[in-house]
Amino acid sequence: MPDPPGPIEHAPEDSASSPSATPAPPASPAPAEPTRPPLAIVDRPITYDEARIARTIAYRRAHQDPAIRGVEIEPRMIILHHTGGGSADATWRYFDRPTIESARKTIADAGDLNVSSQFLVDRDGTIFRLMPETSMARHCVGLNHVAIGVENVGDLDAHLLTDAQVEADAALVRDLKARFPAITHLIGHHEYLAMEGHPFFVERDPKYRTRKADPGPAFMAKVRARVADLGLEGPPVR
């Protein structure tokens, strides 16, 4: 709505008529909030058939709740990882297997369900969705039932994580928070043990714990700096 006209300046008394008032120009509209383009995500699903669903339920009953009957989760946090290798294709093939390899004894002793994650980020920043965000993946002890896992192709030595992965992870975190507002936490896999004692952490086997270094403090600091405005919590400070 335009502003009301200002006061009228009257002409001198001997003038034949008074000039009309000139209304003030309308206020400029507020600048529009910048819009973000839709995030590009490539669907590349791993096998999540009835056999894998059955293994997932069995794992959940053993480690979370004996009464669980499904694979659905309500995402409350995001956990960033790295794969330990340099190939997205090799990681996809590994996750596609239904059962864990026996050589990974600590993990295999806790159940034959193979590890996986909901997302895989290649070294050029390409984001692959491997499975639905609300289906449980086995990627982090004690937190699988509330966490979306994001694997980054790389390691801490021969295949250092890239700037493109930092940007992709930040964009994905932002996208997931927008679609799942209940998400309150963002952590790295190396930080998960600090969550023990938090209500999110549920692991029925007190001896089942692993030590992790991925994706490392430097990578997490870069991603967190790019999503600081979201106010996501990290692990508890002890």
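Among contacts in the protein chain between residues at least 6 apart in sequence, what percentage join residues at least 24 apart? The figure is 72%. The model is predicted, and the views below go through it piece by piece.

**View 1. The whole chain holds 5 helices and 6 strands.**
From the N terminus, the elements follow the order β-α-β-α-α-β-β-β-α-β-α. The protein chain has 238 residues, and 42% of them are buried. About 12900 Å² of the chain is exposed. Carbon and sulfur atoms supply 55% of that area.

**View 2. Six strands form an open sheet with mixed pairing.**
Across the sheet, the strands are ordered β1-β4-β3-β5-β2-β6. The edges are β1 (42-43) and β6 (185-188); each has a single partner strand, so one side of each has no neighbour in the sheet. Helix α4 (residues 163-179) packs on the sheet. This helix touches β2 (77-82), β3 (119-121), β4, β5 (147-152) and β6. The direction of α4 makes about 155 degrees with that of β3. Strands of a sheet pair through backbone hydrogen bonds, either parallel or antiparallel.

**View 3. At one edge, β1 pairs with β4.**
Strand β4 covers residues 127-129. The pairing with β1 is parallel and runs over 2 bridges. D43 has R129 in β4 as its bridge partner. I41 sits in the segment before β1. The C-alpha atoms of I41 and F128 are 5.8 Å apart, although 87 residues separate the two along the chain. Beyond its neighbours within four places in sequence, I41 contacts F119, I127, R129, L172, D175 and R179.

**View 4. At the other edge, β6 pairs with β2.**
This pairing is parallel too, over 4 bridges. M77 stands opposite H185 in β6. Which residues of β6 are buried on each of its two faces? H185 and I187 are buried on one side, L186 and G188 on the other. Both faces of β6 are therefore covered. In a regular strand the side chains alternate between the two faces of the sheet.

**View 5. The largest nonpolar core has 35 residues.**
Those with the most contacts inside this core are M77, I79, L130, L143, I187, Y192 and M195. At least two core residues come from each of α1 (50-63), β2 and α2 (88-96). The largest share, 4 residues, is from α2. Now take I79. Not counting residues up to four places away in sequence, I79 touches H139, C140, L143, A147, I148, G149, V150, I187, G188 and H189. A second core is separate and has 23 residues, including L80, V150, I183 and M220.

**View 6. Helix α2 turns one side inward.**
The buried residues here are A88, T91, W92, Y94 and F95. Why do they lie on the same side of α2? They cover an arc of only 165 degrees around the axis, which puts them there. Their packing partners are α1, β3, β4 and β5.

**View 7. Helix α5 has a buried side and an exposed face.**
Helix α5 spans residues 217-226, and its buried residues are F219, M220 and V223. They cover an arc of only 95 degrees around the axis, so they sit on the same side of α5. P217, A218 and A225 are exposed, on the face turned away from the buried side. Cover for the buried residues includes β2, β5, α4 and β6.

**View 8. V223 is a buried residue of helix α5.**
Is V223 buried or exposed? V223 is buried, because its relative accessible area is 0%, and buried means under 20%. V223 and D169 are 54 residues apart in sequence. Their C-alpha atoms are 6.8 Å apart in space. Leaving aside neighbours within four places in sequence, V223 contacts L80, V166, D169, A170 and L186.

**View 9. A cis peptide bond joins D214 and P215.**
Omega at this bond is about -10 degrees. P215 lies in the loop between β6 and α5. Most peptide bonds are trans.

Terms used:
Residues are numbered from 1 along each chain as its sequence is written. This is a predicted model: local features need pLDDT of at least 70, side-chain atom pairs count only at pLDDT 80 or more; totals for chains, interfaces and linings use all residues. Side-chain values use heavy atoms; hydrogens and water are left out. Buried means under 20% relative accessible area, exposed over 50%, partly exposed in between (1.4 Å probe, protein chains only). Contact means heavy atoms within 4.5 Å. Accessible areas come from the Shrake-Rupley method with a 1.4 Å probe; for residues, only the protein chains shown count as cover. Two strands pair if DSSP finds at least two bridges between them. Axes are lines fitted to C-alpha atoms, for helices over the stretch in contact, and angles run from 0 to 180 degrees between N-to-C directions. A nonpolar core is a set of buried Ala, Val, Leu, Ile, Met, Phe, Trp, Tyr and Cys residues joined through side-chain atoms within 4.5 Å. The arc is that of the directions from the helix axis to the C-beta atoms.
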